[in-house]
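Good morning, colleagues. I should like to take you through one helix pair and three individual residues. Please have the sequence and the structure in view.

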Amino acid sequence: MPIVLKNQSEMQAMLKSCKISADALNVAEEVIRPGITTKAIDKAIHDYIVRCGAKPSFLGLYGFPASACISVNDVVIHGIPGSYRLQEGDIVSVDVGAYCDGFHGDNAYTFAVGKISAENEQLLRETQAALYKAIEQAVAGNRIGDISHAVEAHVSQFGYGIVRKFVGHGVGRALHEDPEVPNFGKAGHGPRLAEGMTIAIEPMITLKGDGVKTLPDGWTTKTASGKAAAHFEHTIAITSNGPQILTKRG
């Protein structure tokens with residue numbers, strides 16, 4: 001499929017869905033605490049998005065049964081909210097999107113539940129740092145590989161694993177558009193970035209190894225090593241003034 005460029009009015013429309021998506025992460029942060037179920041977090045997110053007059057992008061997408069992907073500890077992505085109660089020391093990744101005025105927003109953040117281990121604290125910090133290093137490369141004239149290489153170069157110095165089975169993507173009228181945005185690759189390779197592109201950059205990084213396994217539910221994807229994983233994501237616009245983070249949290 002061709003890469004879809006957005007004009008200024010379309011970019012403005014996307015800002016609304018992206019703000020709702022970002023604010024939904026703030027709602028998650030407010031309710032995350034030891035003892036809360038992942039299903040209760042999902043309900044808080046769902047109710048907020050609907051109150052904003054939007055629709056949860058993920059609900060029913062490809063058959064997904066919830067409004068947010070909530071992934072705990074060694075679950076990388078696509079965790080189905082349920083009866084699990086968060087415990088002190090857990091890390092929990094919340095991935096959520098909102099659809100409004102014909103456009104989607106998409107973002108993710110990995111939260112600490114109370115005090116977490118120094119090892120996991122560093123994983124979260126450096127995965128988020130990799131996201132922002134990648135965003136720095138999201139300028140017109142660069143290539144997707146420049147974004148991908150920025151993630152890989154940063155996290156590899158810590159010996160972390162990079163999930164290769166799942167990648168970032170374009171975002172717009174469809175939640176998943178071209179181009180794919182891997183978290184590994186060669187600088188100077190891949191599609192050229194152009195003004196009007198809107199992409200989701202989302203490092204999915206593990207303490208050990210690149211391998212993942214999907215559970216029989218067809219969604220929940222865990223690290224093959226059993227070690228923790230972190231996931232951070234922003235929807236970015238390529239503009240004449242450099243990268244613009246559309247899902248910036250207030």
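**A helix pair and three residues**

Helix 3 crosses helix 4 in a right-handed sense. Before I go further, please note that this is a predicted model. The two elements in question are helix 3, residues 118-136, and helix 4, residues 144-156; their axes lie 8 Å apart and make an angle of about 150°. Because angles over 145 degrees count as roughly antiparallel, helix 3 is described as roughly antiparallel to helix 4.

Which residues make this contact? Helix 3 contributes Glu126, Ala129, Ala130, Lys133 and Ala134, while helix 4 contributes Ile147, Ala150, Val151, His154 and Val155. Sorted by class, the contact of helix 3 with helix 4 consists of 7 nonpolar residues, 1 polar residue and 2 charged residues.

I turn now to Ser17, which belongs to helix 1, residues 8-31. Is Ser17 buried or exposed? Its relative accessibility is 0%, and because anything under 20% is classed as buried, Ser17 counts as buried. The side chain of Ser17 comes to 3.0 Å from the backbone oxygen of Met14. Setting aside residues up to four places away in sequence, Ser17 touches Ala98, Cys100, Phe103, His104 and Gly105.

The second residue is Thr221, located in strand 12, residues 221-223. Thr221 is likewise buried, its relative accessible area being 1%. What does its side chain meet? There is a polar contact of 3.3 Å between the side chains of Thr221 and Thr214. Beyond its neighbours within four places in sequence, Thr221 is in contact with a series of residues that includes Asp74, Val75, Val76, Ile77 and His78. Also among the contacts of Thr221 are Phe166, Val212 and Lys213, together with Thr214 itself.

The last residue is His176, in the loop that runs between strand 7 (168-170) and strand 8 (177-181). With a relative accessible area of 38%, His176 is partly exposed. Its side chain forms a polar contact of 3.1 Å with the side chain of Tyr62. Tyr62 also appears in the contact list of His176, alongside Leu61, His169 and Gly170, once neighbours within four places in sequence are left aside. As for separation, the C-alpha atoms of His176 and Gly209 are 26 Å apart, with these positions 33 residues apart along the chain.

To recapitulate the three residues: Ser17 is buried, Thr221 is buried, and His176 is partly exposed. Thank you for your attention.

Terms used:
Residues numbered from 1 in each chain as written. Predicted model: local features only at pLDDT ≥ 70, side-chain atom pairs only at ≥ 80, totals over all residues. Heavy atoms only, no water. Axes fitted to C-alpha atoms, helices over the stretch in contact; angles between N-to-C directions. Helix = DSSP H or I, 4+ residues; strand = E, 2+ residues; numbered from the N terminus. Parallel < 35°, antiparallel > 145°, perpendicular 65-115°, else oblique. Left-handed = near helix turned anticlockwise from the far one by under 90°. Contact = heavy atoms within 4.5 Å. Nonpolar A, V, L, I, M, F, W, Y, C, P; charged D, E, K, R; others polar. Buried < 20%, exposed > 50% of the residue type's maximum accessible area, 1.4 Å probe, protein only. Polar contact = N/O pair within 3.5 Å; in protein donor to acceptor, adjacent residues only side chain to side chain.
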